[in-house]
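Visitor: I am new to this structure. Please take one part of it and walk me through that part closely.

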Amino acid sequence: MRMDEFWALIERSAAVTASGDERLAWLTDRLAERPAGEAVDFAVRLDELRGRVDTWRHWGAALLICGGLCSDDGFHYFQAWLVGLGRAAFERVADDPDALADLPQVRRLAGRHPREWAEDEWPEWECLDYVADEAYERVTGEEEGLDEAVEARGRELGSSPDPVDERWDLGDRAELARRYPRLAAMFPLPDRARERVWETARP
């Protein structure tokens, strides 16, 4: 599966379904109709794309949007959500995290406390990680066999963030405003969030 095919599946799944659960089921069904190697390819392509947004730059943007509430797991799921936005949006945000401010999925969250967000509004897509696993099991009958198949290709799928770019103080309001002028205006960080941000971001 080439990257073009991966993106075609992601974008088609959004076009032909009406909910997140339906979208996941559609993706799983389509992969399960293909040879097992296609599920492995899907997992690898997702992991490759995750690597492009596994940065402190993107983590800072996620923290702003979520009011300082973005743990390791939360950021991992945020990366998958970025992929789910589709290729054009992903490429824009991969290059410039502040471009998230232009996306309708983000703009509709501004001015509302995260506890007011509906479940399907949260900027996370944890279950995308399970699509390739389930499809691989359906095709091969092997439970938890996907990781071994990926490792046989000399790869290991990431299971948590591991940014390699320069680390900075994600709780520094002035730095947040400098790096993300549009997001910082839309999602001002509450005073009580600074310590949560610092605890999340420390080594």
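**A close look, starting from a loop**

Guide: Start with E144, which is exposed, with a relative accessible area of 69%. The model is a predicted one. E144 sits in the loop between α8 (128-140) and α9 (146-151). Look at its backbone there. Phi of E144 is near 55°, a positive value in a residue that is not glycine. Most residues other than glycine have a negative phi.

Now step back to see what surrounds this loop. The protein has 12 helices and 0 strands. Read from the N terminus, its elements run α-α-α-α-α-α-α-α-α-α-α-α. The C-alpha atoms fill a box of roughly 50 × 35 × 25 Å along the principal axes. A compact globule with 203 residues would have a radius of gyration near 17 Å, and the protein agrees, at 17 Å. Buried residues make up 47% of the 203 residues. E144 is not one of them, because its relative accessible area is 69%. Take the contacts with a separation of 6 or more. Residues 24 or more positions apart account for 73% of these.

Next, see how two of the helices meet. Helix α4 covers residues 56-65, and helix α5 covers residues 72-84. Their axes come within 10 Å and cross at roughly 105°. The two helices are therefore roughly perpendicular to each other. From α4, the residues in the contact are H58, W59, A62 and I65. From α5, they are D72, F75 and F78. By type, the residues of this contact divide into 5 nonpolar, 1 polar and 1 charged.

Finish with the cysteines. A search of the whole structure finds 0 disulfides. Take C70. Its sulfur is 5.3 Å from the closest cysteine sulfur, which is in C66. That is too far for a bond, because a disulfide needs the two sulfur atoms within 2.5 Å. C70 counts as buried, at 4% relative accessibility. Now take C127. The closest cysteine sulfur to its own is again in C66, at 17 Å. That distance, too, is too far for a bond. C127 counts as partly exposed, at 35% relative accessibility.

So return to the loop between α8 and α9. E144 is the residue to find there, exposed and with a positive phi.

Terms used:
Residues numbered from 1 in each chain as written. Predicted model: local features only at pLDDT ≥ 70, side-chain atom pairs only at ≥ 80, totals over all residues. Heavy atoms only, no water. Axes fitted to C-alpha atoms, helices over the stretch in contact; angles between N-to-C directions. Helix = DSSP H or I, 4+ residues; strand = E, 2+ residues; numbered from the N terminus. Parallel < 35°, antiparallel > 145°, perpendicular 65-115°, else oblique. Contact = heavy atoms within 4.5 Å. Nonpolar A, V, L, I, M, F, W, Y, C, P; charged D, E, K, R; others polar. Buried < 20%, exposed > 50% of the residue type's maximum accessible area, 1.4 Å probe, protein only. Rg over C-alpha atoms; globule rule 2.2 N^0.38 Å.
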